[in-house]
Amino acid sequence: MAYSKETEKQLTELLGEIEGRKEHEYAAATYKDIPALKEIVRLVEEQLAGDSDKSTYVDSIAVLGYVADRYDSLGRFAVSSKFYNQILTLALRLKQQYGTDTDGIDGYLYAALQARNFYVDDDCDDLMGIAVELMNADDVWRIINERKERRRSLKHDPVEMRDEYLAVIDEIEEKVEKSRTTYGHGSCFEVWSLKKSYLLEHDIEWQTPSELNPRVLFD
């Protein structure tokens, strides 16, 4: 069934809360947005657990697309990739049950591939199996080739994919934000140092971007 007026109101308020915190249109998400994002996901999954119709799928895809994008901006690609997978799965159900194509499905596929390949190389065979049911095969291969041409230029620590890291990173980013003393040019080094130290308190060894990319000049 379609989202109720009450649920729509809750989602609108949560989205407004997140957008209201942004300093500018393209501002990244922060740890402060996580509770609202998690509540949005809870509402969507609660809706999908019931009887789903065409509007349920269309609206859920749009909302989860927003959530995935926010996690991307936060650098939580291990999290966003799960939502992109869910979006593609819902899009396939929508097409199979109602013959309806999802707007922007090529963008979702590209984002899914990017998220899955952010830390390690991944052929994403499972996504390909879904994509060829949703799109023209030539378009699928075009997107795959575009993603390959834009392989990550920087290394990032795959520890960020682990559950133990994801379980504490919100708390740690809050501590970092409250402890940091520098902003602007060069401030990334203090942020990374604090993050590394706080992660070690949880027995998580994390390598900073500067450690993994010694030939890159960060500012």
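Helices here are DSSP runs of H or I with at least four residues, numbered from the N terminus. Keep in mind that this is a predicted model.

**Exercise 1. A pair inside one helix**

Work out how Asp139 and Arg142 are placed relative to each other along helix H7, and say what their side chains do.

*Solution.* Start with the spacing: the two residues sit three apart in helix H7, so about one helical turn separates them. Next, check the contact. A salt bridge needs a Lys or Arg side-chain nitrogen within 4 Å of an Asp or Glu carboxyl oxygen. Asp139 and Arg142 come in at 3.9 Å, N to O, and do form one. Finally, look at exposure: Asp139 has a relative accessible area of 32% and is partly exposed, and Arg142, at 37%, is partly exposed too.

**Exercise 2. A pair across the chain**

Find which parts of the chain the Glu173 and Arg76 pair links, and decide whether each residue is buried, partly exposed or exposed.

*Solution.* First, the contact: the two side chains meet in a salt bridge at 3.1 Å, N to O. Then place the partners. Glu173 belongs to helix H8 (residues 163-179), while Arg76 lies in the loop between H3 and H4; with their positions 97 residues apart, the pair links distant parts of the chain. For burial, the cut-off is under 20% relative accessible area. Arg76, at 6%, is buried, whereas Glu173, at 21%, counts as partly exposed.

**Exercise 3. More charged partners**

Classify the exposure of Lys95 and Asp101, then put their pair among the model's other salt bridges.

*Solution.* Lys95 has 29% relative accessibility, which makes it partly exposed. Asp101 reaches 52% and is exposed. Their closest N and O atoms are 3.4 Å apart, and the two form a salt bridge. The structure holds 19 salt bridges. Glu17, Arg21 and Asp33 are tied together in a network of them.

**Exercise 4. Mapping the core**

Which helix gives the most residues to the largest nonpolar core, and what does Leu88 touch?

*Solution.* Begin with the core's 51 residues: Leu88 is one of those touching the most other members, a group that also includes Ile40, Phe83 and Tyr84. Helices H1 through H7 each give two or more residues to this core. H4 (77-98) is among those helices, and it gives the most, with ten residues. Now Leu88: leaving out residues up to four places away in sequence, it touches Ile105, Tyr108, Leu109, Ala112, Leu127, Ile130 and Leu134. Apart from this core lies another, of 14 residues, including Tyr165 and Trp192.

Notes: Residues numbered from 1 in each chain as written. Predicted model: local features only at pLDDT ≥ 70, side-chain atom pairs only at ≥ 80, totals over all residues. Heavy atoms only, no water. Core = buried A, V, L, I, M, F, W, Y, C linked by side-chain atoms within 4.5 Å. Buried < 20%, exposed > 50% of the residue type's maximum accessible area, 1.4 Å probe, protein only. Contact = heavy atoms within 4.5 Å.
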